[in-house]
Structure formats: C-alpha cells, structure tokens
Amino acid sequence: MALLVEKTTSGREYKVKDMSQADFGRLELELAEVEMPGLMACRTEFGPSQPFKGARITGSLHMTIQTAVLIETLTALGAEVRWCSCNIFSTQDHAAAAIARDSAAVFAWKGETLQEYWWCTERALDWGPGGGPDLIVDDGGDATLLIHEGVKAEEIYEKTGVLPDPASTDNVEFQLVLTIIRDGLKSDPKKYRKMKDRLVGVSEETTTGVKRLYQMQANGTLLFPAINVNDSVTKSKFDNLYGCRHSLPDGLMRATDVMIAGKVAVVCGYGDVGKGCASAMKQAGARVIVTEIDPICALQALMEGLQVLTLEDVVSDADIFVTTTGTRHYHG
C-alpha cells in the first residue's frame with residue numbers, strides 16, 4: 001500500500017484500507033455502544049461540559065469496533081483525536097473506515113508491514129509544527145518509545161552532529177524506528193522535544209508497555225508522567241481474565257477452523273491471562289497442560305485440576321500452544 005496520507009472532504013487526514021466499509025462499521029459501532037454503558041454514561045455526564053475541549057489525544061491501540069466507541073467518546077467530550085493500531089494484525093478495517101469518515105484521523109489497516117506500522121505511528125503523533133499531542137493512549141508503549149528515542153537522538157545530533165544509524169542494531173523493527181527519526185531530524189531537529197514539552201502524560205494499557213515505563217522510571221529517563229492502566233483491577237482482573245477467555249477460542253477458530261475438543265492445549269503461564277485462556281480451552285473440550293515457573297501460580301493451576309509440566313515435557317505431543325508470558329521466543 002502506498003504510504004500517502006489521504007483527506008476526507010472536511011480535510012481530516014486518514015489512511016485506511018477501504019473507506020467503503022464505513023457504513024458497515026457504523027452499524028457495528030451502534031451495536032457495541034449498547035455493550036459499553038460506561039463510556040456511554042461518560043458521554044451523558046461529561047459531554048455538556050466538554051472537559052477535553054481543545055485537547056489533542058493520540059492513540060496507539062487496537063483499531064477495533066470497541067476502540068471506535070472509545071474514540072468517539074473522546075471526541076464527544078471535546079478532544080481532537082489521531083489514532084493508529086498497536087498491532088499489525090488487529091485492525092478491523094470497517095471500524096477504521098467508520099472513524100476515519102465520521103470522527104477522527106485514523107492510520108490503520110489489517111495486515112500492515114512493520115514499515116507501514118511505524119509510518120502509521122508517526123502519523124498519529126504528527127500534529128503539525130505546533131508540537132505533538134497533549135495526551136497519549138498507548139498499548140504496548142510504541143508511541144511512547146518513539147518519542148523517547150526521538151528526544152535522545154535529537155540531543156545527540158545537537159551536541160555532536162551525529163545522525164541515528166539504523167545499521168547500528170540487528171533488530172529490524174528498531175532499524176525502522178531509527179530510520180524514521182533520522183529522516184525527521186533533517187526537516188525538524190526539535191520535533192520530538194516539542195512533543196515532549198507539550199505532553200501532559202501517557203496512559204499505558206498492557207504489561208509490555210508498563211514494564212518499559214518502569215524501566216525508564218528506574219533509570220531516570222522517563223520524560224513525562226504515566227498512568228499504569230494495566231494494573232487497575234478492572235483491567236487485570238477482568239479484561240485479562242474474562243476478555244482472554246472469550247477471545248482465545250474465537251481467534252483460534254477464526255484463524256484455523258479446527259475443532260478444539262480432543263486436542264492437547266499447552267498454556268504457557270498461569271497469571272490472569274493464562275487463567276482465562278486455560279479455562280477457555282478446558283471448556284472447549286481440550287486437555288489442558290500448564291507450564292509455569294512461579295510456584296504459587298503453578299499450584300493454582302494444579303488445584304484447578306490442570307496438569308502442570310515443563311515445556312520440554314510436552315512440546316512434542318501437544319496440538320495447541322498458547323503463550324501468556326509476555327516473553328519473546330518462549331517457544332524457541
């Protein structure tokens with residue numbers, strides 16, 4: 001897909017896969033609003049006072065129908081919004097189209113390449129010469145990461161004249177980040193520092209992003225305040241547990257169309273996400289085996305009637321592997 005920003009008739013920027021899906025997206029949005037009474041109550045209670053009037057909000061979060069309801073709640077409360085997805089595969093194209101047409105600037109489509117993904121992230125942060133957003137709604141910390149790496153590169157460039165070198169790392173994704181920052185330095189050497197100065201703060205939704213934030217806080221490099229949404233009770237004890245219990249079998253069946261009943265399913269990790277996933281696999285008729293290094297979580301799995309083994313013991317015999325650890329290369 002050509003990486004060119006498009007505009008609606010009203011002048012709002014966007015880049016989505018198929019704008020003709022907007023009507024379908026609007027229908028699903030109306031259904032989702034019934035299932036999300038908390039956000040709808042916020043619109044009713046706070047809409048008249050417009051608490052976000054004049055605020056710029058950038059989101060890097062799965063561009064789904066449910067996220068679309070969040071975006072339109074933010075705009076109903078007065079915010080101007082620019083959005084991208086935090087995952088290359090999670091975007092629902094009809095949701096992106098509906099929001100791009102009706103509500104906010106969206107840069108997201110299902111099946112992005114890594115290059116397209118980081119281009120979309122940069123577009124969501126690009127509010128023009130007046131700086132960046134006032135608030136960031138982040139999921140995984142990539143928007144936050146881009147600003148921090150950008151500020152670091154700008155300071156080095158200002159002192160030494162040295163540009164970021166993508167060849168300095170073997171990480172393909174970080175090479176793309178450095179390329180974006182390097183190219184931006186040539187046109188605006190203070191771009192990310194202007195973003196940093198304007199930002200009030202970031203909310204972070206998932207464990208991966210929260211770990212990054214705590215690391216930056218510990219080494220003194222965190223540039224702006226951050227709210228840890230991930231560890232709130234309504235996230236960790238509900239979304240992680242019950243949300244994953246709902247979405248795992250749905251995702252498996254959509255992706256593979258294979259019956260789960262009778263299969264051997266290995267769930268790696270038995271935290272809140274692992275508990276939901278193991279419950280879902282068990283209810284779907286799979287024989288569930290758990291791998292877990294934490295003795296308390298392992299004992300919890302055992303008390304739920306689940307077998308607890310090491311990955312080495314089951315890797316040659318299992319049919320389905322579910323990783324809930326947040327650790328890369330867990331399966332080698």
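Which residues form a nonpolar patch on the surface? This tour of a predicted model begins with that patch and then moves through the rest of the structure.

**Stop 1: the surface patch**

Select Val233, Phe238 and Tyr242. These residues make up the nonpolar patch, and their accessible area together is about 310 Å². Begin with Val233, which belongs to helix α10 (residues 233-256). Val233 has a relative accessibility of 54% and therefore counts as exposed, since the term applies over 50%.

Now keep Phe238 and Tyr242 in the selection and display their rings. The two residues are four apart in helix α10, so about one helical turn separates them. Their rings form a tilted aromatic pair, with 5.8 Å from centre to centre and 55° between the planes. Phe238 is partly exposed at 46% relative accessibility, and Tyr242 is likewise partly exposed at 40%.

**Stop 2: a buried aromatic pair**

How many aromatic pairs does the structure hold? It holds three. One of them joins Phe107 and Trp119: the arrangement is edge-to-face, with the centres 6.3 Å apart and 85° between the planes. Phe107 is in strand β5 (residues 105-107) and Trp119 is in helix α5, so this pair ties together parts 12 residues apart in sequence. Are these two residues buried or exposed? Both Phe107 and Trp119 are buried.

**Stop 3: Arg82 and its partners**

Select Arg82 next, together with Glu13. Their side chains meet in a salt bridge, at 2.8 Å from N to O. The bridge links distant parts of the chain, for Glu13 is in strand β2 (residues 13-14) and Arg82 is in strand β4 (residues 80-84), 69 residues apart. Glu13 is partly exposed, with a relative accessible area of 24%, whereas Arg82 counts as buried at 9% relative accessibility. Buried here means under 20%.

Add Trp127 to the selection. Arg82 lies over the face of the Trp127 ring, 5.8 Å from the ring centre. Arg82 thus takes part in two contacts: the salt bridge with Glu13 and the placement over Trp127.

**Stop 4: more salt bridges**

Side chains of opposite charge can pair when their charged atoms come close. In this structure the count of salt bridges comes to 23.

Select Asp23 and Arg101. The closest N and O atoms of this salt bridge are 2.6 Å apart. Asp23 is in helix α1 (residues 22-34) and Arg101 is in helix α4 (residues 93-102), so that distant parts of the chain, 78 residues apart, are linked. Arg101 is partly exposed, with a relative accessible area of 32%. To see the wider setting, add Arg26, Glu72 and Asp102: with Asp23 and Arg101, these residues are linked in a network of salt bridges.

Continue with Lys191 and Glu122, whose closest N and O atoms are 3.0 Å apart in a salt bridge. Because Lys191 lies in helix α8 (residues 191-198) and Glu122 in helix α5 (residues 114-125), the pair ties together parts 69 residues apart in sequence. Both Lys191 and Glu122 are buried.

**Stop 5: three loop residues**

Where is Gly140 found? Gly140 is in the loop between β6 (135-138) and α6 (142-160). Its relative accessibility is 12%, so Gly140 counts as buried. Select Thr207 as well and display the C-alpha atoms: Gly140 and Thr207 are 67 residues apart in sequence, yet 7.4 Å apart in space from C-alpha to C-alpha.

The remaining two loop residues concern the backbone angle phi. Most residues other than glycine have a negative phi. Gln50 has a positive phi, near 50°. Gln50 sits in the loop between α2 (37-46) and β3 (56-60) and is partly exposed, with a relative accessible area of 28%. Asp257 also has a positive phi, near 55°. The loop that holds Asp257 runs between α10 and β9 (264-268). With 67% relative accessibility, Asp257 counts as exposed.

**Stop 6: the whole chain**

Finally, colour the chain by domain. The protein is divided into domain 1 (6-231) and domain 2 (243-323). What distance separates the centres of domain 1 and domain 2? Taken over C-alpha atoms, the centres are 32 Å apart.

Key. Residues are numbered from 1 along each chain as its sequence is written. This is a predicted model: local features need pLDDT of at least 70, side-chain atom pairs count only at pLDDT 80 or more; totals for chains, interfaces and linings use all residues. Side-chain values use heavy atoms; hydrogens and water are left out. Patches are made of residues with over 30% relative accessible area and no salt bridge: like charges are joined within 9 Å, nonpolar side chains (Val, Leu, Ile, Met, Phe, Trp, Tyr) within 5 Å. Accessible areas come from the Shrake-Rupley method with a 1.4 Å probe; for residues, only the protein chains shown count as cover. A salt bridge is a side-chain nitrogen of Lys or Arg within 4 Å of a carboxyl oxygen of Asp or Glu. Buried means under 20% relative accessible area, exposed over 50%, partly exposed in between (1.4 Å probe, protein chains only). Rings of Phe, Tyr and Trp (its six-membered ring) pair if their centres lie within 6.5 Å; planes under 30 degrees apart count as stacked, over 60 as edge-to-face and the rest as tilted. A charge sits over a ring if NZ of Lys or CZ of Arg is within 6 Å of the ring centre and within 35 degrees of the ring normal. Domain bounds come from an automatic or database domain assignment.
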